[in-house]
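Student: Could we look at a protein model together and practise asking how each label is earned?
Tutor: Gladly, let's bring it up.
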Amino acid sequence: MANLKEIRGRIASIASTMQITSAMKMVSAAKLKKAQDAVTMLRPYSEKLQELIERASASLPEENTPVYARQRDVQKVLYIAITSNRGLAGVFNSAVVKELNQNLNKVGGDAADIITIGKKVYDAVRRSRGVPQNASDLYDNLSFSKVSKLTSSVMRDFREGKYDEVYLVYNKFINAATQEVVTEQLLPIRMPEKTDENSESDYIFEPDRDELLETLIPKSIKTQVFRAVLDSLASEHGARMTAMHKATDNAKALRSELVIYYNKARQAAITNEILEIVSGAEALKNS
């Protein structure tokens with residue numbers, strides 16, 4: 001049985017850990033609100049862009065298919081994997097790494113390249129598959145312009161034929177307690193299927209339809225990547241808040257158990273001392 005001093009040390013250590021996890025939970029909750037608002041505000045814009053592209057391309061002849069929507073034989077695939085730079089967020093990071101590895105196993109390691117956004121996925125890929133292209137510095141003063149530069153480079157590589165498909169692997173934000181790991185196709189973009197209902201359009205486009213699509217599609221692709229980064233950021237804070245909440249609850253339960261254990265040990269020690277005093281007094285009386 002551990003002595004009372006050791007038990008008191010454990011209780012103090014757990015109490016200190018509980019204060020840290022509780023503080024981290026509150027910090028993540030505050031950051032989550034800001035990140036959640038950013039995702040919520042961007043989604044309508046992204047959806048409206050996609051709606052405009054669908055309307056503009058509804059009756060587009062097949063020979064005029066935009067370059068970013070052209071399907072071709074898949075020889076080389078690029079995965080953009082998004083995690084966080086820090087841990088202590090439950091399975092948030094490991095879930096993305098697992099999803100990425102499953103995708104890589106399907107296409108074969110030699111047929112895929114990886115761009116990592118987040119130190120956690122970068123470290124995981126570097127250990128298992130060599131040094132990938134790292135874009136974790138996007139989180140330093142995150143902005144649309146920084147994400148846009150990375151996306152422009154990826155779009156250029158696709159346009160030049162370096163990659164035939166591009167996918168995003170990230171945690172999609174559902175709510176504070178729920179994040180869904182998704183593999184989302186970025187390129188080529190999926191154009192709406194032509195039906196009798198959308199074969200004709202009453203819209204008048206200014207400038208012409210092709211020029212409009214040349215402007216909207218790149219903007220939509222960049223917005224999609226930026227939204228994925230924001231989704232991942234909100235998911236990170238939600239996952240960390242949940243993980244720290246559980247850690248705090250576990251620390252409370254463990255501290256309660258140790259307090260009970262300490263009280264029992266202390267009571268046993270006091271009882272032993274009383275017995276020793278009584279035995280000593282009886283011994284003196286009988287001597």
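**Labels and the reasons behind them**

Tutor: Let's start with one facing pair: Ile82 sits opposite Ile117 in strand 2. Keep in mind that this is a predicted model.

Student: What makes strand 1 and strand 2 a pair?

Tutor: Two strands pair if at least two bridges are found between them. Strand 1 and strand 2 (residues 112-117) have six bridges, so they are paired, and the sense is parallel.

Student: How do you know that strand 1 pairs with strand 4?

Tutor: By the same reasoning. Five bridges link strand 1 with strand 4 in the parallel sense. At least two are needed, so the pairing counts. One example is Ile80, whose bridge partner in strand 4 is Leu168.

Student: Why is strand 1 called mostly covered?

Tutor: A residue is buried when its relative accessible area is under 20%. In strand 1, six of six residues are buried. Val77, Tyr79 and Ala81 point one way, while Leu78, Ile80 and Ile82 point the other way, and all are buried.

Student: What joins strand 4 to strand 5, and in which sense do they run?

Tutor: Strand 4 (residues 165-175) and strand 5 are antiparallel and joined by nine bridges. They form a hairpin with two residues between them. Within this pairing, Tyr170 stands opposite Val182 in strand 5.

Student: Gln179 is found in strand 5. Is Gln179 buried, exposed or partly exposed?

Tutor: Exposed means over 50%, buried means under 20%, and partly exposed is in between. Gln179 has 23% relative accessibility, so Gln179 is partly exposed.

Student: How do you know that Asp231 and Arg43 form a salt bridge?

Tutor: The rule asks for a side-chain nitrogen of Lys or Arg within 4 Å of a carboxyl oxygen of Asp or Glu. The closest N and O atoms of Asp231 and Arg43 are 2.9 Å apart, so the pair meets the rule. Asp231 lies in helix 5 and Arg43 in helix 1 (residues 4-57), so this salt bridge ties together parts that are 188 residues apart in sequence.

Student: Which of those two is buried, and which is partly exposed?

Tutor: Asp231 has 0% relative accessibility, so Asp231 is buried. Arg43 has a relative accessible area of 25%, so Arg43 is partly exposed. These two also belong to a network of salt bridges that links Arg43, Glu184, Arg227 and Asp231.

Student: What makes Glu51 and Lys48 a salt bridge?

Tutor: Their closest N and O atoms are 3.3 Å apart, and the limit is 4 Å, so the pair counts. Both lie in helix 1, three residues apart, about one turn of the helix. Glu51 is partly exposed at 24%, and Lys48 is partly exposed at 44%.

Student: What about Arg240 and Glu236, which meet in a salt bridge: are they buried or exposed?

Tutor: First the bridge: the N to O distance is 2.9 Å, within 4 Å, so the label holds. Arg240 and Glu236 both lie in helix 5, four residues apart, about one turn of the helix. Arg240 is at 1% and Glu236 at 7%. Buried means under 20%, so Arg240 and Glu236 are buried.

Student: How many salt bridges are there by this rule?

Tutor: The count comes to nine.

Student: Why is Glu214 called exposed?

Tutor: Exposed means over 50%, and Glu214 has 59% relative accessibility, so Glu214 earns the word. Glu214 is in helix 5 (residues 209-286). Together with Glu206, Asp208, Asp210 and Glu211, Glu214 gathers in a patch of negative charge on the surface.

Student: What is unusual about the backbone at Leu88 and Asn141?

Tutor: Most residues other than glycine have a negative phi. Leu88 has a positive phi, near 55 degrees, and Asn141 also has a phi near 55 degrees. Leu88 lies in the loop between strand 1 (77-82) and helix 2 (92-107), and Asn141 in the loop between strand 3 (133-134) and helix 4 (144-159). Leu88 is at 55%, so Leu88 is exposed, and Asn141 is exposed at 70%.

Student: Which kind of peptide bond joins Leu187 and Pro188?

Tutor: A cis bond, with omega about -10 degrees. Most peptide bonds are trans. Pro188 lies in the loop between strand 5 (178-187) and helix 5.

Notes. Residues are numbered from 1 along each chain as its sequence is written. This is a predicted model: local features need pLDDT of at least 70, side-chain atom pairs count only at pLDDT 80 or more; totals for chains, interfaces and linings use all residues. Side-chain values use heavy atoms; hydrogens and water are left out. Patches are made of residues with over 30% relative accessible area and no salt bridge: like charges are joined within 9 Å, nonpolar side chains (Val, Leu, Ile, Met, Phe, Trp, Tyr) within 5 Å. Accessible areas come from the Shrake-Rupley method with a 1.4 Å probe; for residues, only the protein chains shown count as cover. Lys and Arg count as positive and Asp and Glu as negative; His and the chain ends are not counted. The place of a charge is taken as NZ of Lys, CZ of Arg, CG of Asp or CD of Glu. Buried means under 20% relative accessible area, exposed over 50%, partly exposed in between (1.4 Å probe, protein chains only).
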